[in-house]
Amino acid sequence: MSAEVPEIKYLFRPRSVAVVGASGTPGKIGYSLMSNILSSGYEGEVYPINPKGGEILGRPVYKSIEDVPGEVDIALIAVPASLVKSVVQSCARKKVRFLPIITSGFSEVGNIQEEREIVEIARSAGMRIIGPNMFGIFTAAASLNATFGPRDIMPGGVAIITQSGALGIAMIGKSAVEHVGLSTIISVGNKSDIDEADLLEYLAEDGLTRAILIYMEGVHDGPRLLSVLKHVTRVKPVVVIKSGRSKRGAMAAASHTGSLAGSDEVFDAVMRQAGVLRADSIQDAFEWSKFLASAPLPQGRNTVIVTNGGGVGVLATDACERFGVKLYDDAQRLHEIFDEMTPSFGSTKNPIDITGQASADDYVAALKAAAEAEEIHAALALYCETAVFDVNSMEQMIERMDAEFRSHGKPVLFALLGGEKIETCIAGLRAKGVAVFGDVYSCVGSLGALYRQYEFRRRPPAEVETASIDVSACEAVIANALSEGRNFLLAHEGRALMEATGVPMPKSRVVRSIGEAVEAAEEIGYPVVLKIVSRDILHKSDAGGVALDLENKGEVLDAYQAIIHNAKRYKPDARIDGVEVAEMLKPGLETIVGARIDRTFGPTLMFGLGGIYVEVMKDVAFRALPLSRWEVMSMLQEIRTYPLLLGVRGEDPKDIDLVVDTLIRLGTLLLSCKEISDIEINPLVVYEKGEGVRSVDVRVLLHNA
Ligand code: ACO
């Protein structure tokens with residue numbers, strides 16, 4: 001049974017810290033922890049624990065944590081794995097609040113049972129565990145460096161949560177080199193108890209933290225992480241680096257939706273859905289976090305580039321397109337704003353080219369005009385080293401312009417290209433926290449990250465949308481399949497499910513004789529399609545069990561016999577439940593829609609165009625449920641082939657509303673009927689606006705009966 005959990009603020013603002021396994025031997029982790037804690041300016045109590053007693057770094061050593069006179073908010077554990085359990089038991093008796101367990105040798109090497117036992121002991125005593133297999137915690141709020149990483153950590157606005165200990169320690173070093181001030185850095189190790197979501201909840205409210213960087217290897221509780229992230233990103237930027245973009249982790253599955261939903265594709269989509277910025281490299285993650293922690297959020301999308309070089313201006317323009325930065329293009333207004341400081345051989349068309357002869361004063365004039373112009377919301381200032389510009393005045397000019405833009409609440413970023421003096425200038429300015437870069441791409445990439453944050457904050461609050469569906473009719477169909485020991489639905493059952501869900505299907509009937517087949521075809525109207533219905537044949541086309549475009553009675557008679565014959569040859573013992581006679585649909589745009597339980601994020605939706613688009617280009621989008629109508633719509637817009645839905649080359653637009661409606665209905669079905677693991681409509685044929693959609697083939701898998 002779990003006892004009441006301690007407030008997480010005591011992890012970040014502990015009043016006392018114990019080190020179990022504290023050591024007086026330099027080079028040992030228990031020594032480094034003590035030495036870092038004592039030199040970090042921490043004002044709370046520090047208790048070294050070691051059965052040998054004595055003193056470590058001038059502090060009296062307690063032989064057991066239970067001997068400590070006062071309360072203990074944090075007990076760092078750095079004893080060998082074989083001793084951890086008994087130490088945790090001692091901590092439980094002492095009623096310690098948080099246990100960051102540094103020690104390795106638990107679930108990461110297969111020792112899962114012992115890790116579980118330790119968590120159990122902690123939970124029943126109202127303690128929380130961080131790790132095991134982690135490097136400790138730095139928290140600026142308490143001036144506490146309780147890590148065995150580098151000693152000096154610059155306080156600031158970026159919080160780092162890392163799953164990898166070694167990478168985390170490297171990031172402490174990197175944060176010093178890159179002048180990234182940290183509000184906290186904490187490693188979560190094996191995440192046996194506390195995970196990213198617990199820490200994010202605190203960091204969202206933390207006054208010191210202005211941006212959050214997470215390094216993640218795996219996700220434990222996807223739905224919870226998503227719901228916490230959706231909240232945090234509304235108030236603070238979150239940058240994630242996740243390893244595992246490769247395909248190896250992709251799950252083999254019995255449907256397109258499953259095989260396309262490689263864990264990384266879904267992770268990527270869900271992060272975007274939550275407004276998280278996913279970085280490919282640690283470098284980008286640092287650049288973005290540092291910039292986002294101090295940049296004002298722009299009030300609009302209009303960006304100008306001010307440059308002394310045409311070439312670099314073009315490079316930046318390309319980068320703006322790539323990173324979604326919109327260049328202001330009102331030629332007349334741009335001319336009015338920038339004409340005065342632009343030579344006749346320059347250009348006031350964005351990029352504003354103040355030419356190679358530009359001096360510091362010219363930059364000041366152009367940038368001041370940009371800062372003051374109401375229509376301009378952000379600026380990129382590019383500089384290529386020239387002999388006419390006095391580099392000695394560069395640093396001062398940039399600081400002045402940085403302050404000018406801040407006073408207007410607008411972001412400005414600088415990219416400087418040149419030799420040694422320029423590099424020194426960049427280093428000096430970066431140390432002061434000015435957004436200066438030595439490369440156009442990372443400069444524009446950082447502004448792009450800020451604009452993604454801007455877009456996310458402007459999204460309407462997500463109001464979950466569900467459809468009205470006949471859940472009891474759906475449950476009845478599912479119960480029947482399960483009672484027969486099946487984990488999939490037969491064609492007519494899939495059809496009944498879609499009818500109860502309100503997804504439009506072509507007219508159809510299942511028949512059991514050749515005479516009935518002709519009767520049904522005449523009732524439905526030619527042309528018709530015939531399909532084998534057998535619980536033992538999932539892939540009907542492979543079995544020769546499908547005949548299309550049958551125009552008359554004669555063709556139906558021939559096709560019926562051929563289908564039965566093919567099915568028996570394909571699988572002699574297959575049980576034939578009948579033949580489906582269906583309306584032959586007129587051509588439309590073939591799409592694929594899916595709803596499935598993702599291993600990490602639970603219920604998810606997928607949408608893409610069908611046929612070659614899905615087979616070859618894998619042009620699909622994912623979202624985790626529940627979703628607002630707006631979020632479903634954004635999923636359609638995300639695929640590269642979205643223009644085909646809008647209509648190309650004079651075609652009328654397609655019935656996008658009905659596609660959105662179908663996705664919402666499938667999502668509602670998946671959330672309502674817990675027995676379903678996988679639904680896929682392939683194809684869902686989409687007609688022109690007002691003419692709706694038709695679900696041609698639906699495949700439904702159930703959790704194993
Ligand atoms: N209570 C308190 N202290 C104890 C106890 C006890 N019950 N029993 C022993 N100790 C003392 C030891 O006497 C020793 O102190 P000493 O130097 O005065 O003798 C101290 O605890 C440490 O014990 P050692 O046996 O010396 O263990 P050592 O320091 O070699 O290793 C450690 C312990 C660091 C926890 C090791 O087992 C380990 O897990 N190392 C990996 C840590 C790691 O990499 N974590 C992962 C994240 S960070 C990253 O990946 C970079």
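**Notebook: pockets and ligand shell**

I started with the second largest pocket, whose lining by class holds nine nonpolar, 10 polar and 15 charged residues. My classes: Ala, Val, Leu, Ile, Met, Phe, Trp, Tyr, Cys and Pro are nonpolar, Asp, Glu, Lys and Arg are charged, and the others, Gly among them, are polar.

Note to self: this is a predicted model, so local features need pLDDT of at least 70 and side-chain atom pairs count only at pLDDT 80 or more, while totals for chains, interfaces and linings use all residues. Residues are numbered from 1 along each chain as its sequence is written, and side-chain values use heavy atoms, with hydrogens and water left out.

**Second largest pocket**

I got about 810 Å³ for its space. A pocket here is an open set of points, on a 1 Å grid over the protein atoms alone, where a 1.4 Å probe fits, with protein on both sides within 12 Å along at least five of seven lines; lining residues have an atom within 4 Å of a point. Points are joined across faces, edges and corners, and the volume is the space filled by probe spheres set on them. I found 34 lining residues, with R272, V276, L277, F323 and R452 nearest the centre. Elements giving two or more residues include α9 (263–273), α11 (310–323) and α16 (440–458). Of the elements, α16 gives the most, 10 residues. Helices (H or I, at least four residues) and strands (E, at least two) are DSSP runs, numbered from the N terminus.

**Largest pocket**

Next I pulled up the largest pocket, at about 1,100 Å³. It has 46 lining residues, and K531, N682, P683, V696 and D697 are the closest to its centre. The top contributor is β21, with five residues; β27 (676–686) is one of the other elements supplying at least two. The lining counts are 23 nonpolar, 10 polar and 13 charged.

**Ligand**

Then the ligand: 25 residues surround it (a heavy atom within 4 Å). The closest are S23, K28, K52, I102 and S104. By class the shell has 15 nonpolar, eight polar and two charged residues.

For polar contacts I took pairs of N or O atoms within 3.5 Å. A ligand oxygen sits 2.6 Å from a side-chain N or O atom of S23. One ligand nitrogen is 3.0 Å from a backbone N or O atom of I102, and I logged 3.4 Å between a ligand nitrogen and a polar backbone atom of G21. Alone, the ligand exposes 1,000 Å², and the protein buries 71% of that (Shrake-Rupley, 1.4 Å probe). Both α3 (81–94) and α5 (165–177) give two or more residues to the shell, and α5 has the largest share, three.

Methods:
A polar contact is a pair of N or O atoms within 3.5 Å; within protein, one must be able to donate a hydrogen and the other to accept it, and residues adjacent in sequence count only if both atoms are side-chain atoms.
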